[in-house]
Amino acid sequence: MLEKVKILLGISDDTKDDLLTLLIEQATEEAITYTHQDNAEDLNTAISKMVVYNYNRIGTEGLDSESYTGASYSYSADYPDAIMRILKSKRKIVTV
C-alpha cells in the first residue's frame, strides 16, 4: 500500500516513508474499528484515501476552511463524505 499512496501523492523518493507508514497504520486501525472488520483486505481503497487526506492535512489538522480579511476559521472532525461512504458500505452490524 505504501507504493500506491506514494503514487497518489506524487512522492518518488523514500524521505516520507516513515511518516506514510505511520499514517497507513493509523488509517488501517481507524477503518477496521469503524467497520468492525477482522482485517483490512476489503478496505484498501478507503485506507489509501484516508492516508492521502491525512497527509494533506498535516499542519492544518482540523482546519476545514479559513478566511483572512474577516479572520474566519472552520474546523472539521470527520473524513469527507466520499471516504465515509466507502467505510459505511463495508461496515458490519455488530450485535451484543
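**Close-up views of a predicted four-helix, two-strand chain**

**View 1. Glu25 sits in helix α2**. The model shown here and in the other views is predicted. With a relative accessible area of 49%, Glu25 is partly exposed, because the class of exposed residues begins over 50%. Val51 lies 26 residues away from Glu25 in sequence. In space, the C-alpha atoms of Glu25 and Val51 are 9.2 Å apart.

**View 2. The whole chain has four helices and two strands**. Starting at the N terminus, the order of the elements is α-α-α-β-β-α. The protein chain has 96 residues, and 31% of them are buried. Contacts between residues at least 6 apart in sequence can be sorted by their separation along the chain, and 54% of them join residues at least 24 apart.

**View 3. The largest nonpolar core holds 21 residues**. In soluble globular proteins, nonpolar side chains tend to be buried together. Which residues touch the most other members of this core? They are Leu9, Leu20, Ile47, Met50, Val51 and Leu87. Four helices each supply at least two residues of the core: α1 (2–9), α2 (17–35), α3 (44–56) and α4 (81–90). The largest share comes from α3, with seven residues.

**View 4. Leu87 touches residues that are distant in sequence**. Residues up to four places away in sequence are left out of this view's list of contacts. The residues that Leu87 touches are then Ala31, Tyr34, Thr35, Ala46 and Met50. Leu87 is also one of the core residues that touch the most other members, and so is Met50.

**View 5. Helices α2 and α4 cross at roughly 50°**. Two packed helices are described by the angle between their axes and the distance between the axes. Here the axes of α2 and α4 come within 8 Å. The two helices α2 and α4 are therefore oblique to each other. The crossing of α2 with α4 is right-handed. On the α2 side of the contact are Ala31, Tyr34 and Thr35. On the α4 side, Met84, Leu87, Lys88 and Lys90 meet them. By class, the residues of this contact are four nonpolar, one polar and two charged.

**View 6. Helices α3 and α4 cross at roughly 150°**. The axes of α3 and α4 come within 9 Å. Because angles over 145 degrees count as roughly antiparallel, α3 and α4 are roughly antiparallel to each other. The crossing of α3 and α4 is left-handed, whereas that of α2 and α4 is right-handed. From α3, the contact takes in Thr45, Ala46, Lys49, Met50 and Tyr53. These residues meet Ile83, Ile86 and Leu87 in α4. Six residues of the contact of α3 with α4 are nonpolar, one is polar and one is charged. Leu87 also takes part in the contact of α4 with α2.

**View 7. Ser48 lies in helix α3**. Is Ser48 buried or exposed? Ser48 has a relative accessible area of 13% and is buried, because buried means under 20%. Leaving out residues up to four places away in sequence, Ser48 touches Met1, Val5 and Leu8. Val5 and Leu8 fall within the stretch 2–9 of helix α1.

Notes:
Residues are numbered from 1 along each chain as its sequence is written. This is a predicted model: local features need pLDDT of at least 70, side-chain atom pairs count only at pLDDT 80 or more; totals for chains, interfaces and linings use all residues. Side-chain values use heavy atoms; hydrogens and water are left out. A nonpolar core is a set of buried Ala, Val, Leu, Ile, Met, Phe, Trp, Tyr and Cys residues joined through side-chain atoms within 4.5 Å. Buried means under 20% relative accessible area, exposed over 50%, partly exposed in between (1.4 Å probe, protein chains only). Contact means heavy atoms within 4.5 Å. Axes are lines fitted to C-alpha atoms, for helices over the stretch in contact, and angles run from 0 to 180 degrees between N-to-C directions. Angles under 35 degrees count as roughly parallel, over 145 as roughly antiparallel, 65 to 115 as roughly perpendicular and the rest as oblique. A crossing is left-handed if the near helix is turned anticlockwise from the far one by less than a right angle, and right-handed if clockwise. Ala, Val, Leu, Ile, Met, Phe, Trp, Tyr, Cys and Pro count as nonpolar, Asp, Glu, Lys and Arg as charged, and the others, Gly among them, as polar.
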